[in-house]
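Trainee: Could you pick one sheet in this model and take me through it strand by strand? I would also like to see how that part fits into its surroundings.

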Amino acid sequence: MLKFLKEVLRVGEATQKYPFAPAEICEGFRGRPEHDPIRCIACAACTSACPANALSMKTDADAGTRTWAINYGQCVFCGRCEESCPTGAISLTKDFELAVARKDDLIKRAVFKLAYCRSCGAPFAAAKEVEYVGRILASYATSPEEAERIRANAEVCPECKRKLDVEQIARSNPVQQMETAR
Amino acid sequence: MTGSKDFRIGQIYITALNEKMPDAVLDTSWQTDNQVTVTVKLNSLPDAVATLYYEHDGWLSTMVGNDERPLNGNYGLYYVLSMEGAEKCHVIVHAEIPEDSPEFPSVTPKVPAAVWYEREVRDMLGLQPIGLPDERRLVLPDDWPEGLYPLRKDTMDYRFRPQPTTDNETYKFVNDSKVETTVVPLGPLHITSDEPGHFRLFVDGEDIIDADYRMFYVHRGMEKLAETRMGYNEVTFLADRVCGICGYAHSVAYASSVENALGIQVPARGQAIRAILLETERLHSHLLNLGLVCHFTGFDSGFMQFFRVREKTMTLAELLTGARKTYAMNLIGGVRRDILAEQRLTTLKLIGELRGEVKRLVDMLLSTPNFGGRVNGIGRLDPKIARDYSPVGPVVRGSGHRRDTRADHPFAGYKLVDMPVHTQTGCDVLSRTLIRVEEFFDSIAIIEKLLSDTPTGPILTEDFAYVPHKFALGYTEAPRGEDMHWSMTGDNQKLYRWRCRASTYNNWPVLRYMLRGNTISDAPLIVGSIDPCYSCTDRVTIVDVKKARAKTVSYKEMERYCRERSDSPLK
């Protein structure tokens, strides 16, 4: 009993003042992921990395939009989205106070415009993603003309790309080329 | 991966099986250097398991039922034995069951430890164990339709919820007492508890004559979920959620099962970090149990002191992983976050403080006059019963058996440390408590050792290829004992089968024997000494066999009686 009393006196008060004073949080704490729609290119890498299906991506071809959404009620704060994002558009914060009055408030959305194929006119990817890919590929070009051609090529949907490739090969007449080579 | 010819641990057991039972062994294959799967004829299954279990120091770690009809036309059974004799390794006894006759000879009459596994495989895969004395369901509820077996590949989607077939509880609780007893039901449900269980104590006056219990009221279907909805890398995060206390142990066990199956060498630094985090988890878990022992013996101020100190271990977890629970640190191939110099220093400082604080608190607890009388000789687990049922962790070590996965089958960073194993011979609540105290200080020493010479280099490897239909075991020693996972890869970046066995699963079957011969005021203390999740046991039904009268007592009331030991709820 004496030992116990001594211990109690030695320790003093252990209770923290939270929520009347801020809680102490370690560096590197994994809290609410924050999304930056300006940097986001709607590539959906995060949605496939998310183990809890908290992140989703829905395409509405009629409206011409692609909607990215996070449900904080489903999020497990693992940070796989942060690791997989190519543009650093999502990162975890130290915020852990996520209570809301309505369930819907746990969902945050960002709507992106779709890009339409230069060739067939069908929507096939988010406009920002197409622009991002075109810019990266064009940076390897050796002349402004080539850069423009690469950028234009990026605006063609995969389906049309395949078709155009076949047509281009047919135009170059591979049979004749082979015969000439022989 | 097949181990190289000259380095195959476990060959002596195969030789022994071949000598004792000629022609029974059909095939042997090594998944790693110390994991061998031996396929036997179906009729030889009970003898093969019993031979390894009782003649070669084997313990039953888990049993896996697998619907392999799409692969080879058969069901597969895998009895996993942890061999702790001459050559320490895992021997997995495998038998195939043809599709047209889904039954197999039960191992339980020879090895009682198999009882829950065989009841479960009957529920989940519809494989009939012939000769199994216990015909009750284990996992499926009473209102689940006959003939719907959730883990068969062709039966149901993981989201399917069948219509209930009955409104009545049809489960029969077993009472082996020779005298008349009263029934004390404990549980089953409180709407807010996540893991309810129902306890039925058969009492004569205040004495427990026998006990039976039922779990799985909230079966989460994680194995099916993992197999159908998630990629194999994402399952590490699901495994984190198997348990709210020792989830990281499951995550490591799962990750290493896939790493073993695919032959992935996890970098040494990643292995060491896994061990450091596992010990961090043990620190907080053991402090939680020590606090609860205080609580159940009516020493609530001690409980508060242990929980005050426990907060330091939670800070430690937050510092090292970024979360107080569900660390989310594992990927297949290693860990996601390194331990930096500054974190290392803070960790060393924190565990130094913990060592001193906990030492003072333990001295205080053990010198509290009525503590010894309350835990000494209570909840005795006979070493022979322990041998028959393969319990794990502090429960089995408290009954004198030297079993610890960290020492027997070193995994993760435990290869780098000398692993002491503590045993006690009291077989009671006190023994189990003392073992947790000793292991707490070991954990601190292990963390210090691993932090002082951590291997250098990468923490994660991505240099591997996913190969279909490879399988292996992964295991850890969680605070409650061995966690055992068995995974088989699919052909779609998912798992074909994930079998996850938590430590308490192996400890439930012996609880009945621990309760017998004690008084009902000790019941919460005894249940607490196996350290299950506390939300499990909400209410008790007490049946007085002599007066043939049943009474339901709320768990709060039982707990109060355990602490105060006055005003019996039975009067």
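Mentor: Happily! One definition first: two strands pair if DSSP finds at least two bridges between them. Keep in mind too that this is a predicted model.

Let's look at the sheet of chain A. It is an open sheet of 4 strands in the order β2-β3-β5-β6, with antiparallel pairing. The edge strands are β2 (55-60) and β6 of chain A, and each of them pairs on one side only. On average, neighbouring strands of this sheet are turned by 30 degrees against each other, if direction is ignored. As background, strands of a sheet pair through backbone hydrogen bonds, either parallel or antiparallel.

Now walk across the sheet, starting at β2(A). This strand pairs with β3(A) in the antiparallel sense over 6 bridges. To find one of these bridges yourself, go to A:Met57, whose bridge partner in β3(A) is A:Trp68. Next, β3 (residues 65-71) of chain A is joined to β5 (residues 107-116) of chain A by 7 bridges, and the two run antiparallel. Here you can follow A:Thr65 to A:Lys113, its bridge partner in β5(A).

The last step takes you from β5(A) to β6 (residues 123-126) of chain A, an antiparallel pair with 3 bridges. A:Leu114 has A:Ala126 as its bridge partner in β6(A). These two strands form a hairpin, with 6 residues between them. In the turn, look for A:Gly121, which has a positive phi of about 80 degrees. One helix belongs in this view as well: α4 (residues 127-138) of chain A lies across β5 and β6 of chain A, and runs at about 60 degrees to β5(A).

Let's zoom out to the whole of chain A. Its domain assignment gives domain 1 (17-113) and domain 2 (117-175). Taken over C-alpha atoms, the centres of these two domains of chain A are separated by 32 Å. Their contact takes 8 residues from domain 1 of chain A and 6 residues from domain 2 of chain A. On the domain 1 side, the residues divide into 5 nonpolar, 1 polar and 2 charged.

Chain A also touches chain B. That contact takes 13 residues from chain A and 18 residues from chain B. On the chain B side, α6 (235-239), α9 (300-321) and α10 (341-366) each supply at least two residues, and the largest share, 6 residues, comes from α9(B). The residues on that side of chain B divide into 7 nonpolar, 6 polar and 5 charged.

Chain B offers a second sheet to set beside the one we walked across. This open sheet has 5 strands in the order β1-β2-β5-β4-β3 (chain B), and its pairing is mixed. β1 (25-32) and β3 (58-68) of chain B stand at the edges, each with a single partner strand, so one side of each has no neighbour in the sheet. The twist averages 20 degrees from one strand to the next. Between β3(B) and β4 (residues 74-83) of chain B there are 10 bridges, and these strands run antiparallel; B:Gly65, for example, has B:Leu77 as its bridge partner in β4(B). Helix α1 (residues 11-20) of chain B packs on this sheet, touching β1, β2 (35-40), β4 and β5 (89-98) of chain B.

Finally, look at the cores. The largest nonpolar core has 158 residues, and B:Tyr79, B:Leu81, B:Val91, B:Val93 and B:Leu201 have the most contacts inside it. Helix α8 (residues 268-296) of chain B gives the largest share of this core, 12 residues. Both domain 1 (11-170) and domain 2 (222-504) of chain B contribute at least three residues to this core. Apart from this core lies another, of 24 residues, and here we come back to our starting point: among its members are A:Ile41, A:Ala42, A:Leu114 and A:Ala126. You have already met two of them, since A:Leu114 has A:Ala126 as its bridge partner in β6(A).

Technical notes. Residues numbered from 1 in each chain as written. Chains lettered and ligands numbered in written order. Predicted model: local features only at pLDDT ≥ 70, side-chain atom pairs only at ≥ 80, totals over all residues. Contact = placed C-beta atoms within 7 Å. Nonpolar A, V, L, I, M, F, W, Y, C, P; charged D, E, K, R; others polar. Core = buried A, V, L, I, M, F, W, Y, C linked by C-beta atoms within 7 Å. Buried ≥ 20, exposed ≤ 12 C-beta atoms within 10 Å, placed from the backbone. Domains from an automatic or database assignment. Axes fitted to C-alpha atoms, helices over the stretch in contact; angles between N-to-C directions.
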